[in-house]
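Reader: I should be grateful for a close look at a single part of this protein, namely its second domain. Please also describe how that part is set against the rest of the chain.

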Amino acid sequence: MKKIGFIGLGIMGKPMSKNLIKAGYQLIVSDFNKEAVKELEQLGAEVESTPKAIAEKADIVITMLPNSPNVKAVALGENGLIEGTRDGLIYIDMSSIAPAASQEVYRALIEKGVEMLDAPVSGGEPKAIDGTISVMVGGKKEVFEEVKEVLAAMAGSVVHVGEIGAGNVTKLANQVIVALNIAAVSEAFVLAQKAGVNPEAVYQAIRGGLAGSTVLDAKAPMMLDRNFDPGFRINLHIKDLTNAMETSHEFGAPAPLTAAVLEMMYALKVDGHEFEDHSSLLKYYEKLANVEISR
């Protein structure tokens with residue numbers, strides 16, 4: 001089996017890398033979080049300190065990083081992947097970044113004989129843990145087919161969506177839909193509370209109808225329990241929606257609802273909620289209505 005380098009052992013990256021080990025792949029890992037690195041090392045992973053060193057040893061390198069600058073630094077910076085590349089190496093960036101950044105990194109690496117896929121994911125920490133995330137992949141179809149089995153070891157769904165950058169365009173579309181859904185659920189629950197109807201009863205009544213959704217079933221219980229521990233943090237969703245707005249402006253696709261929810265999330269950040277789960281959008285509406293929902 002191919003030797004895989006994995007850089008980025010955060011909320012999503014750590015369980016994803018664990019699932020690769022469970023599937024029998026030999027991993028080489030790296031992260032600033034030494035506790036996470038040690039945990040993977042105890043499971044049998046090899047450890048390296050730089051992306052360059054990982055690229056020199058691995059057949060495939062996967063990154064799961066916070067944003068575009070992080071990916072550029074790991075791929076193209078000092079001691080980056082580009083300094084340890086060789087013909088035949090495949091780089092899979094599973095971070096959620098700007099599509100233009102994916103294309104920039106690809107152009108630099110392809111000159112060194114390195115193929116690249118952008119393959120962001122959706123599903124949050126629970127699905128990363130149980131190996132059922134959705135992966136949306138951009139890049140050459142033949143490269144996708146070569147590594148599809150590796151991606152499937154971490155995922156419940158792996159879909160090729162187009163050329164390089166298409167994966168991140170798809171992820172931006174996903175994040176827009178998720179954000180707007182959470183805002184809609186928040187608005188509806190606050191309406192119910194103010195009108196004297198139990199939000200939990202509303203949830204149970206509507207979840208089987210047209211308003212039912214994966215987002216509703218994932219986030220409504222968190223809101224009702226007032227559990228805002230991060231599965232996906234507000235500050236990361238701000239990053240995604242900012243990338244969505246920049247991309248929409250680049251291609252002339254107005255996004256007024258996305259802009260509105262982005263401003264809501266910025267308001268939550270100012271109020272100190274940026275590291276909470278994005279279901280804390282509820283708090284924005286509660287503040288407007290001077291109410292707190294309860295079961």
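Author: The following account treats the second domain, its helices and its contacts in turn.

The model is predicted, so local features are given only where pLDDT is at least 70 and side-chain atom pairs only at pLDDT 80 or more, whereas totals for chains, interfaces and linings use all residues. Residues are numbered from 1 along each chain as its sequence is written, and side-chain values rest on heavy atoms, with hydrogens and water left out.

The domain assignment gives domain 1 (3–163) and domain 2 (170–289); such bounds come from an automatic or database assignment. In an unreviewed entry, UniProt lists residues 165–285 as "domain: 3-hydroxyisobutyrate dehydrogenase-like NAD-binding". The same kind of record, also unreviewed, lists residues 3–162 as "domain: 6-phosphogluconate dehydrogenase NADP-binding". UniProt positions follow the numbering used here, feature names are shortened, and annotations may be inferred rather than shown by experiment.

Residues 165–285 are 72% helix and 0% strand, with the end C-alpha atoms 34 Å apart. For residues 3–162 the figures are 41% helix and 25% strand, and the end C-alpha atoms lie 26 Å apart. Helices (H or I, at least four residues) and strands (E, at least two) are DSSP runs, numbered from the N terminus.

Within the second domain, helix α10 covers residues 214–225. Its 12 residues reach 18 Å from the first C-alpha to the last, close to the 16 Å expected at 1.5 Å a residue; the expected span is 1.5 Å times one less than the number of residues. Buried residues in α10 are V215, L216, K219, A220, M222, M223 and L224. Here buried means under 20% relative accessible area, exposed over 50%, and partly exposed in between, with a 1.4 Å probe and protein chains only. The buried residues of α10 pack against α8 (166–194), α9 (199–206) and α13 (281–289).

Just after α10 comes R226, in the loop between α10 and α11 (234–251). Phi of R226 is near 55°, a positive value in a residue other than glycine. With a relative accessible area of 27%, R226 is partly exposed. N290, in the segment after α13, also has a positive phi near 55°. N290 counts as exposed, at 70% relative accessibility.

The structure holds one aromatic pair. It is formed by Y284 and Y285, whose ring centres are 5.6 Å apart and whose planes stand at 85°, so the pair is edge-to-face. Rings of Phe, Tyr and Trp (its six-membered ring) pair if their centres lie within 6.5 Å; planes under 30 degrees apart count as stacked, over 60 as edge-to-face and the rest as tilted. Y284 is partly exposed at 24% relative accessibility, whereas Y285 is buried at 9%.

There remains the relation to domain 1. The centres of domain 1 and domain 2, taken over C-alpha atoms, are 28 Å apart. Contact (heavy atoms within 4.5 Å) joins 13 residues of domain 1 to 11 residues of domain 2. The area buried between the two domains is about 1,000 Å², and carbon and sulfur atoms give 57% of that area. I11, S96 and M136 supply 35% of what domain 1 buries against domain 2, more than any other three residues. Buried area is the accessible area (1.4 Å probe) that two parts lose on being put together, summed over both.
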